[in-house]
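Here is a short tour for anyone meeting this structure for the first time. Have a look at it below, then read on.

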Amino acid sequence: KIYYDSDADLELLKDKTIVFLGFGNQGAAQAQNLRDSGIPNEKIIVTNREDAYAEDAKSKGFNVEHNFSKAAQVADIIFLLIPDQVQPRVFNEQVAPSLKDNAVVVVASGYNVFFELLQFKPSQDVVMVAPRMIGSSVRSLYVKGKGFPCFVSVEQDGTGSGMSIALALSRVIGATKAGAIASSAREEVAMDLFAEQALWPNIIVLFREAFSVLKEAGCSDEALCYEMWMSKEPAEIFERAAEDGFIDQLKYHSTVSQYGQLNGALQLDGSAIRARFKDILYNQVLNGKFCREFSSIEQDLEKDGNANPLNNLYEEHSKSELAQAEKRYQYLFTNGSEHV
Ligand code: NDP
């Protein structure tokens with residue numbers, strides 16, 4: 001089911017105090033959209049540590065409260081718009097103990113709700129309003145008078161009006177203009193984490209190995225970088241796929257290309273990859289294995305150098321032939337030969 005503006009009743013938000021925890025990508029965009037949709041500024045509080053994000057909120061005219069607990073005390077509705085990995089720590093320790101019994105908690109991702117990492121009272125509403133769009137576009141599309149796609153769901157209906165509130169909030173942040181799709185935290189997590197842990201890693205490996213095979217066959221680094229992705233042809237293909245269809249976009253390619261791709265895809269046996277994909281989905285994503293592993297390293301992500309596991313992963317990937325070549329030629333293609 002897809003919900004539009006006419007499905008949302010803004011009266012439900014009248015006189016509600018709405019708190020934004022975080023003023024980053026999503027927080028800044030959603031808070032501004034909500035205010036521009038007619039929610040009075042005095043009913044909106046941005047709560048953030050005392051730093052550049054807080055300054056940004058102040059410069060945009062928002063009331064800023066640095067003490068999360070104080071902000072939580074007055075919140076009828078609270079948007080959790082800080083990074084997923086820090087939400088359990090911050091919410092459970094500094095927000096949840098002060099929240100009203102009938103507060104509405106809004107998440108923009110299903111992660112912490114699906115894996116039950118946040119502590120709610122049964123009387124509270126927990127709704128997901130998850131834009132399928134980066135924060136800057138959430139704002140720019142709203143300013144242009146357009147909407148953006150969004151997933152909406154009720155994960156806990158403490159007050160009995162969770163869905164109506166979720167739709168009203170979807171409307172004021174600008175989502176129901178394009179259509180808010182009924183979903184669930186489970187669905188959002190399954191699709192998001194599957195894409196991140198199964199689909200895109202395979203694409204990384206396909207490109208990496210294709211690069212090495214063609215290099216071994218005598219193709220030059222610069223030709224390969226350009227041919228494979230720096231020309232932005234893959235980006236154009238995906239753009240056409242979104243507009244014309246995943247397969248039908250092939251009609252823009254040469255006949256040799258069309259035949260090669262259509263026939264080649266039918267010759268490939270997908271059963272091994274399907275089995276591997278299922279294994280990742282059920283035995284790594286949905287059963288919480290990845291979540292437990294990620295929680296165990298979460299605090300290390302704020303460290304510097306080799307103590308930060310992300311830095312080590314980047315370093316490992318930088319050793320591939322593709323990455324080494326890219327380092328040399330990325331600059332060439334953007335700045336010209338004299339800089340190489
Ligand atoms: P950001 O990384 O932009 O969040 C930054 C904000 O979080 C800042 O206000 C920052 O303030 C605060 N913050 C960071 N760490 C802490 C901490 N330890 N304690 C308190 N505050 C902290 O987050 P996003 O906007 O990217 O993501 C927010 C939510 O939106 C997530 O649930 C995400 O999954 C979801 N989402 C994000 C999308 C995106 O495109 N980015 C798309 C759709 C959903 P400080 O200066 O204090 O660090």
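## Around the ligand

Let's start with the company the ligand keeps in this predicted model. Sorted by class, the shell around the ligand holds eleven nonpolar, eight polar and three charged residues. That shell counts 22 residues, and the closest are Gly-24, Asn-25, Gln-26, Arg-49 and Ser-109. Two elements, helix 1 (25-36) and strand 7 (125-131), each give two or more residues to it. Helix 1 is the top contributor, with three residues.

## The chain as a whole

Now step back to the full protein chain. It contains 15 helices and nine strands, and its C-alpha trace spans about 70 × 45 × 45 Å along the principal axes. Of its 340 residues, 29% count as buried.

How much of the contact count comes from residues 24 or more positions apart? Among contacts with a separation of 6 or more, such pairs account for 67%.

## Two domains

The domain assignment splits the protein chain into domain 1 (2-183) and domain 2 (188-339). Taken over C-alpha atoms, the centres of the two domains are 32 Å apart.

Where they meet, ten residues of domain 1 are in contact with six residues of domain 2. On the domain 1 side, helix 5 (111-114) and strand 7 are the elements giving two or more residues. That side has six nonpolar residues, four polar ones and no charged ones. Strand 7 has turned up before: it also gives two or more residues to the shell around the ligand.

## The nonpolar core

The largest nonpolar core is made of 67 residues, and Leu-21, Ile-78, Leu-80, Val-106 and Val-129 have the most contacts inside it. Helix 7 (residues 162-172) supplies the largest share, six residues. Both domains take part, as this core draws at least three residues from each of domain 1 and domain 2.

Val-106 is a handy place to look around. Leaving out residues up to four places away in sequence, Val-106 touches Ile-77, Ile-78, Phe-79, Leu-80, Val-127, Val-129 and Leu-169.

## Asn-48, a buried loop residue

Asn-48 sits in the loop between strand 3 (44-47) and helix 2 (52-59). Is Asn-48 buried or exposed? It counts as buried, because it has 26 C-beta neighbours inside 10 Å and the cut-off for buried is 20 or more.

If residues up to four places away in sequence are skipped, Asn-48 touches Gly-22, Phe-23, Tyr-53, Ala-54, Ala-57, Val-64 and His-66. Glu-216 is another story: from C-alpha to C-alpha, it and Asn-48 are 53 Å apart in space, with their positions 168 residues apart in sequence.

## Two loop residues with positive phi

Asp-15 isn't a glycine, yet it has a positive phi of about 65°. You'll find Asp-15 in the loop between strand 1 (2-3) and strand 2 (18-21). Asp-15 counts as exposed because it has 8 C-beta neighbours inside 10 Å, and 12 or fewer is the cut-off for exposed.

Lys-232 isn't a glycine either, and its positive phi is about 70°. Lys-232 lies in the loop between helix 9 (221-230) and helix 10 (233-244). With 10 C-beta neighbours inside 10 Å, Lys-232 also counts as exposed.

## Helix 11

Last stop: helix 11 (residues 255-267). Its 13 residues, at 1.5 Å a residue, should span 18 Å, and the end C-alpha atoms are 18 Å apart, so the two agree. Helix 11 is hardly covered, with a count of zero buried residues among its 13.

Methods. Residues numbered from 1 in each chain as written. Predicted model: local features only at pLDDT ≥ 70, side-chain atom pairs only at ≥ 80, totals over all residues. Near = placed C-beta within 6 Å. Helix = DSSP H or I, 4+ residues; strand = E, 2+ residues; numbered from the N terminus. Nonpolar A, V, L, I, M, F, W, Y, C, P; charged D, E, K, R; others polar. Domains from an automatic or database assignment. Contact = placed C-beta atoms within 7 Å. Expected span 1.5 Å × (residues − 1). Core = buried A, V, L, I, M, F, W, Y, C linked by C-beta atoms within 7 Å.
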